[in-house]
Amino acid sequence: MGIHFCSKDKTFHLQAKDTSYVVEIVRDGYLVHNYWGRKIRKYSHSNFLQSLDRGFSGNPYQHKEDRTFSLDTLPQEYPQYGNTDFRKPAYQIQLENGSTVTDLKYRSHIIFKGKAPLEGLPATYVESEDEAETLEITMEDSLIGLKVILSYTVFEQFNVITRSARFVNEGEESLKLLSALSMSVDFRDADFEFLHLHGAHVKERHIERQPLRHGIQLVESTRGASSHQHNPFIALLRKGTTEDTGEIYAFNFVYSGNFLAQAEVDQFSNTRVTMGINPFDFSWKLEAGEVFQTPEVVMVYSAEGLGDMSRTFHELYRTRLVRGSYRDQERPILVNNWEATYFDFNAEKILEIANAGSELGIELFVLDDGWFGKRDNDKSSLGDWFIDRQKLPEGLDNLASKVKDMGMEFGLWFEPEMVSVDSDLYREHPDWCLHVPKRLRSESRNQLILDLSREDVCEEITKQVCDILANVPISYVKWDMNRHMTEIGSAALPADRQRETAHRYMLGLYKVMETITTSFPHILFESCSGGGGRFDPGMLFYMPQVWTSDNTDAISRLKIQYGTSLVYPIVTMGAHVSAVPNHQVHRSTSMEMRGNVAMSGNLGYELDLTKITGEEKEIVKQQVAHYKEIRKLIQFGDFYRLQSPFEGNETAWLFTTKDKSEAIVYYFRVLAEPAAPTTVLKLKGIDVTKQYQVIGTDYVFGGDELSYVGLSIPANIHGDFQSYVWHLKS
Ligand code: DGJ
């Protein structure tokens, strides 16, 4: 492991666990990408660049005598615009004279142990310097005094390279960043499939995969949030890549706002992948002496298919992205009142639900939306974070204490980034929301977005939330965010900085979250944005779990949770059992089916527990007791996908402990089919040399038999929406 610089051939060889990445300085300082893939011992230019005179690919001025040298044909590390490369650049800058051409050349580099934090931004981290090594390459455009520092970190224990870029204006004029992406890498072929996670509200992170074609293929967000619609994740897969075989290059953006993730296949069938803050409606004025830091991209290489890629992301994010005391703690089983009551509740009703929960062994009660201001529907009160005495006459403190007396923890919902037009806050500060002068303000769910690019607004919402957290015995916070940005502008920024608003908002939000989460380290924070609209690594840096989707239907959840598991650890996924018919899709499934899907994540309940039958209560009680036994395995074990809901009627997945002494297998079948083939499920991730007992039976099978021969799905599970579970111990 490590980063080696060979001064003779000006080559950087970055080695992570089993992967190598090679960068070379050519000519008068251009940075060329030579290799990324399986680890090699030493790089000696076996794939040396071929010099060809390609028509219409011009030559930079200093090399005009050499018609074979063009940036248009060079595989680069951080390409620029304006001097012979006609593909999309990694950044673009406008000077005071209006021109947009820059020319970065290598100036120096440093290599150091460990990894430096990114100021004001979420990022992966190390706990000891030996875990990683970092290379910082300083590129310079000496004409204008611009420096761009490209940062690369390799991890000892992971097939991971993280990248970001830092712009420093050492010139005398101000510069305008028109785009500033975090990374770019040029592959020398296009023999890939493009995989991404698309979706919608209540339908997040569905897997889509198609061959790369010439031209540009991209996913992005322009919504001011990473979004339900596209996750900030793409992967290039070698054709034929499966769960267990094949090469993958995966990219995930550690950011929660507008992003761009794109692959461009050029005329010579090279592929350029870039990722970063979406340049659409973005610019950033960099005055002399100022610095702009881009967010981080996590790049994972796998030679062993999608399963291995996911386990790399899971382990890295669980241990070196998520922070705080809950990182390594088992997460409580909760009951949330949202789908039980919506806005229509009083203290008595809440205590009845909490009491029913505590009798079933549930550990945490969460009071959702509707406890503040005059919030009887979604038309008012966001911003007025004081208790509604009509609903809760004895106050929050009293309610929380009563819940605690039942032996449960108390959690509370907030939506601190928003303001209702019908609120005292908005009446007092109508300029505190994102808006554009003289334009009407579009509403969504009857709400506007507070302008977190402003320090005064950030300070006020931090104070309001902290006041409540300091005075009520709260152990959990659900941090919601329920609309996307329109009329993006700030009353506090000058005209030439208006396009900075969306990114400044993210910086403000991250600061608020940093202050609040570190001030209350005993509180478990769960982020939410209409379910999984901000399920991204940026949020996970501050809040260790996410409400995966507002869709709680067990069948819809198979795809949502399977797609989410591609990148994000199981322990980060909130998954609740809700009432039937389901409130989003009106489907009815059994309590067992709902329980087994929810137990494949961070288990919770979101229904009126006072209204379920005695028989159902008994099932819930058993589920809760069972989950307490297996949750360590689910939340901190290794996850293996066995059958994909995107490929058929059946879904299956498996969790195993690190030492492979225990595993749990979940099988789900959506529809009963006539003359269906009998299914045998081959297991993965278990130890082929161990003997496993199927808990609750006398069956003992070899790990080899379970893996190579497989387990028969019992034929006696009848009807639609069925599930089956095997719990194995060696
Ligand atoms: C959207 C969330 O995703 C729901 O779980 C719930 O908290 C509502 N907001 C409350 O308004």
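This passage describes the ligand site, the salt bridges and selected surface and buried residues of a predicted model.

The ligand is surrounded by 13 residues. Of these, Asp368, Asp369, Lys478, Asp480 and Asp550 come nearest. By class, the shell holds six charged, four nonpolar and three polar residues. Three of the aspartates place polar side-chain atoms close to ligand oxygen atoms. For Asp550, the distance from a polar side-chain atom to a ligand oxygen is 2.3 Å. For Asp369, the corresponding distance is 2.6 Å. In Asp368, a side-chain N or O atom is 2.7 Å from an oxygen atom of the ligand. On its own, the ligand has 300 Å² of accessible area, and the protein covers 97% of it.

Asp368 also takes part in a salt bridge. Its partner is Lys478, with an N to O distance of 2.8 Å. Asp368 is located in the loop between E22 and helix H4 (395-405), and Lys478 in strand E26 (residues 476-479), so the bridge ties together parts that are 110 residues apart in sequence. Both Asp368 and Lys478 are buried. Both are also among the residues that come nearest to the ligand. The two residues are thus linked to each other by a salt bridge and are both part of the ligand surroundings.

Across the whole structure, 55 salt bridges are found. One of them joins Glu363 and Arg631, whose closest N and O atoms are 2.9 Å apart. Glu363 sits in the loop between helix H3 (347-359) and strand E22 (364-367), whereas Arg631 belongs to helix H11 (residues 614-636); the pair therefore ties together parts that are 268 residues apart in sequence. Arg631 has a relative accessible area of 8%, so this residue counts as buried.

A salt bridge within a single helix is formed by Lys463 and Asp467. Here the closest N and O atoms are 3.1 Å apart. Both residues lie in helix H6 (residues 455-471), and because they are four residues apart, about one helical turn separates them. Lys463 is partly exposed, at 48% relative accessibility. Asp467 is likewise partly exposed, at 37%. Elsewhere, salt bridges with shared partners connect several residues into one network. Its members are Asp85, Arg87, Asp186, Asp266 and Arg272.

Another polar pairing involves Arg320. This residue is placed in helix H1 (residues 305-320). Its relative accessible area is 13%; under 20% means buried, so Arg320 falls in that class. The side chain of Arg320 makes a polar contact of 2.8 Å with the side chain of Glu131.

The surface carries a nonpolar patch of about 300 Å². Val688, Tyr708 and Val709 make up this patch. Tyr708 is part of helix H12 (residues 703-708). With 56% relative accessibility, Tyr708 counts as exposed, whereas Arg320 in helix H1 is buried.

Methods. Residues are numbered from 1 along each chain as its sequence is written. This is a predicted model: local features need pLDDT of at least 70, side-chain atom pairs count only at pLDDT 80 or more; totals for chains, interfaces and linings use all residues. Side-chain values use heavy atoms; hydrogens and water are left out. A residue is near a molecule or strand if one of its heavy atoms lies within 4 Å of it. A polar contact is a pair of N or O atoms within 3.5 Å; within protein, one must be able to donate a hydrogen and the other to accept it, and residues adjacent in sequence count only if both atoms are side-chain atoms. Accessible areas come from the Shrake-Rupley method with a 1.4 Å probe; for residues, only the protein chains shown count as cover. Ala, Val, Leu, Ile, Met, Phe, Trp, Tyr, Cys and Pro count as nonpolar, Asp, Glu, Lys and Arg as charged, and the others, Gly among them, as polar. Patches are made of residues with over 30% relative accessible area and no salt bridge: like charges are joined within 9 Å, nonpolar side chains (Val, Leu, Ile, Met, Phe, Trp, Tyr) within 5 Å. A salt bridge is a side-chain nitrogen of Lys or Arg within 4 Å of a carboxyl oxygen of Asp or Glu. Helices (H or I, at least four residues) and strands (E, at least two) are DSSP runs, numbered from the N terminus. Buried means under 20% relative accessible area, exposed over 50%, partly exposed in between (1.4 Å probe, protein chains only).
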